[in-house]
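Student: Could we take a close look at one single part of this protein? I'd like to hear about one residue and then see how the rest fits around it.

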Amino acid sequence: MESKNIILEIAKRTFSQEAEAINGLISLLDTQFEACVQLILNSKGRVIITGIGKSANIAGKIVATLNSTGTPAIFMHAADAIHGDLGNVQPDDVVICISKSGNTPEIKVLAPLIKMMKNPLIAIVGNIDSFLALQANYVLNTTVAGEACPNNLAPTSSTTAQLVMGDALAVALLEMRGFTASDFAKYHPGGALGKMLYLTVGDLCKNNEVPKVLPNDSIKTLIIEISSKRLGVTAVLDENKKILGIVTDGDLRRMLQNEQSANNLKAKDIMNATPKLIEESEKAVIALEIMRTHNITSLLVTKEGQYFGVVHLHDILKEGII
């Protein structure tokens, strides 16, 4: 038990130290940050982000965040850059170099080469007196008082500070660009978030069966239609294919429990005449919202006012939308 308490205390201390390091960045923000955002916004090229060691790992994540929020970016490892990958850098590109010390051998070789190429160089650096900071056109200060590591060695607070500075850049850029939820969906079509933004009801139900009966059809016909179409419901349509109502398997069970004889009953006798409808062009997430609000599992789908099919809760959940 005591060992568990010690472990939890270590975790809490780490959280606290890293949170303190992040809060310290607020006082370090200045007009250099604004200038960097404007520089990237006005650039006709890409953002090339480079670093060495753990800073390279952070650079990769920042690249991913920028790409997913509308700012084209490429990762370039600092060691590879000085052995040929520097050819990735094009004349209009902005280069961001990430380093805690700003004095690693690879950075000392790379920074002057970037300056020779006349590309703007932004330093995300934890030492504003370092070689990198002095070479850079712009400096984003990520100095931290110390690492969360008890030996003050393993990059922890410093890499968290770098990551947060990258996130701040990405968020500032996306807001300045007016990047919308629809834009986000374009870059995330395969994920649940993207599906919430672009997947329609029609996309979900187009492969489903289309159960339907007439108002005077018998209970036997109802049961066969609901069972064979495997959606637990059927629409009740008139001869002009106008929706009159809906019958669910729950309606059938309640009818059988309450009626001594169902032989003379018709579909119109047990249907719900006010079914919940949704247009096939509506987003799937709207269908889910309606189902949750009314505690139901199916909606009748219409297209231009005509019956189109059925969307079931399972269709939505299968796509990872919850």
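Tutor: Let's start with C36, which is buried, with a relative accessible area of 0%. "Buried" here means under 20% relative accessible area, "exposed" means over 50%, and "partly exposed" is in between, using a 1.4 Å probe and protein chains only. Before going on, a word on what you're looking at: this is a predicted model, where local features need pLDDT of at least 70 and side-chain atom pairs count only at pLDDT 80 or more, while totals for chains, interfaces and linings use all residues. Residues are numbered from 1 along each chain as its sequence is written, and side-chain values use heavy atoms, with hydrogens and water left out.

Now, back to that cysteine. A disulfide is a covalent bond between the sulfur atoms of two cysteines. To count as one here, the two sulfur atoms have to be within 2.5 Å. For C36, the closest cysteine sulfur belongs to C97 and is 13 Å away, so that's too far for a bond. In fact, the structure holds zero disulfides. Another cysteine, C149, also counts as buried, at 14% relative accessibility.

Next, try I49, which sits in strand 1 (residues 47-51). Strands are DSSP runs of E with at least two residues, helices are runs of H or I with at least four, and both are numbered from the N terminus. I49 is buried too, with 0% relative accessibility. Its contacts, leaving aside neighbours within four places in sequence, include A59, L66, F75, M76 and I98; contact means heavy atoms within 4.5 Å. M76 is 27 residues from I49 along the chain, yet their C-alpha atoms are separated by 6.0 Å.

For a contrast, go to E279 in strand 9 (residues 277-279). This residue is partly exposed, at 28% relative accessible area. Once neighbours within four places are set aside, E279 touches V201, V301, T302, K303, E304 and G305. The C-alpha atoms of E279 and T200 are 9.3 Å apart, although their positions lie 79 residues apart along the chain.

Finally, zoom out. The protein has 15 helices and eleven strands, and 42% of its 322 residues count as buried. Contacts that bridge long stretches of chain turn up here as well: among those between residues at least 6 apart in sequence, 63% join residues at least 24 apart. The C-alpha atoms fill a box of roughly 90 × 60 × 35 Å, taken along the principal axes.
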